4 protein chains.
Amino acid sequence: VREDLSQPQQTSVATLTIVYDHHTRGLSDKLNNVQHDHGHEIVSSLHVHLDHHNCLEVIVLRGKKAQIQALGDRIAGFKGVKHATLALTTDGKGLR
Amino acid sequence: VREDLSQPQQTSVATLTIVYDHHTRGLSDKLNNVQHDHGHEIVSSLHVHLDHHNCLEVIVLRGKKAQIQALGDRIAGFKGVKHATLALTTDGKGLR
Amino acid sequence: VREDLSQPQQTSVATLTIVYDHHTRGLSDKLNNVQHDHGHEIVSSLHVHLDHHNCLEVIVLRGKKAQIQALGDRIAGFKGVKHATLALTTDGKGLR
Amino acid sequence: VREDLSQPQQTSVATLTIVYDHHTRGLSDKLNNVQHDHGHEIVSSLHVHLDHHNCLEVIVLRGKKAQIQALGDRIAGFKGVKHATLALTTDGKGLR
């Protein structure tokens, strides 16, 4: 997960891309539960089945940068998550 | 799940919309596993967190109508799935 | 688009599945604009490229049934939209 | 768009996150068309309406790294695209 902790209280939009092995017992439940626990930050997620073992999931997050970052780190640390990338973006306001 | 079993061998595209309680233990794992077992029919899925308990998941399927229907029925029968709707559509070919 | 206009003021969740030819000039813009005009009802949407011509789009809606239905009918009527199915579901509350 | 052009012929999976103003005339059409022109690389995309002006779109890509990168750069350069981030990930094979 990329680190960018400047202005941690700023509202931000981000996508967290993870690749994981869905055969890891309990991982899908855990991923789903943590997303609900952070229902205010999580907008929706897209799931793609890469092959028999591997899933790609993209989670769209919106909230304070520090919280988004913390949630990204937490998910990245789950057993069975092979790769995680957090892409912080903008909500577009103030940009032309 | 809506029944429409005419021309079961025809290739079709469909969306399966389910609402479920993610607190049902093992359900997310089961949903994820069944989607991987049917990797040829399943394109991708979108997940929306409705509230602390309820998830909406839309699964895009492509394959023979009979198989799509069977998969829809199987998922609809999982313990914890409160509502399921299968919308068979077209792949657009032959239509203007 | 399926009609179910009982209890039009009830809050509901729905998915609208459309298949359209993305070569229809202006259609993607129009679809995107109408979704933003109804930003309160629309949660997110998933787009799958079926082939060189045809797109499948699933739009997740949340709001009063009458408004969801009206929006579904409006989109279904756009030139270039070949097929549209509205699946009204529940937000899961009050169901076990 | 992040640059990582080592091993350009390697097959990779990536997510491209863009934020854009959907009022830019023709942009949604252009985004949709370019995705269809690259139908082999693009799996599906998720669209979230941030506010009346701004959209977030996450596009899941799969293919040779060089082509994914080129497509990301092309989309990032479209007039009206405010921000673009390409997150290259793995298809999970060979990792535990």
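How many residue pairs, both at pLDDT 80 or more, are in polar contact between chain C and chain D? The count is 23, and the close-ups below show that interface along with a few other spots.

A note before the views: this is a predicted model, where local features need pLDDT of at least 70, side-chain atom pairs count only at pLDDT 80 or more, and totals for chains, interfaces and linings use all residues. Residues are numbered from 1 along each chain as its sequence is written, chains are lettered from A and ligands numbered from 1 in the order in which they are written, and side-chain values use heavy atoms, with hydrogens and water left out.

**View 1. Chain C meets chain D.** Here 25 residues of chain C are in contact (heavy atoms within 4.5 Å) with 25 residues of chain D. Together the two chains bury about 1900 Å², with 45% of it on carbon and sulfur atoms; buried area is the accessible area (1.4 Å probe) that two parts lose on being put together, summed over both. On the chain C side, D29(C), H36(C) and H49(C) lose the most area to chain D, together 36% of what that side buries. The rule finds zero salt bridges across this interface, a salt bridge being a side-chain nitrogen of Lys or Arg within 4 Å of a carboxyl oxygen of Asp or Glu. As for the 23 polar contacts, each is a pair of N or O atoms within 3.5 Å; within protein, one must be able to donate a hydrogen and the other to accept it, and residues adjacent in sequence count only if both atoms are side-chain atoms. Helix 1 (27-37), strand 2 (42-49) and strand 3 (54-64) of chain C each give two or more residues to this side; helices (H or I, at least four residues) and strands (E, at least two) are DSSP runs, numbered from the N terminus.

**View 2. Strand 2 of chain C pairs with strand 2 of chain D.** The two strands run antiparallel and are joined by five bridges; strands pair if DSSP finds at least two bridges between them. Look for S44(C), whose bridge partner in strand 2 of chain D is V48(D).

**View 3. Chain A meets chain D.** On each side, 29 residues are in contact with the other chain. The buried area is about 2300 Å², and carbon and sulfur atoms give 68% of it. L46(A), L50(A) and K82(A) supply 20% of the area chain A buries here, more than any other three residues. You'll find zero salt bridges by the rule, but six residue pairs in polar contact, both at pLDDT 80 or more. Strand 4 of chain A gives the most to this side, with six residues.

**View 4. Strand 1 of chain B sits between two partners in the pairing list.** Ten of the eleven residues in strand 1 (residues 11-21) are buried (under 20% relative accessible area, 1.4 Å probe, protein chains only). Strand 1 of chain B pairs antiparallel with strand 3 (residues 54-64) over eleven bridges, and S12(B) stands opposite G63(B) there. With strand 4 (residues 81-89) of chain B, strand 1 pairs antiparallel over eight bridges, and A14(B) has L88(B) as its bridge partner.

**View 5. Helix 1 of chain A, largely enclosed.** Eight of the eleven residues of this helix (residues 27-37) are buried, so the rest of the structure largely encloses it. Among them are L27(A), L31(A), V34(A) and H36(A).

Notes. Buried < 20%, exposed > 50% of the residue type's maximum accessible area, 1.4 Å probe, protein only.
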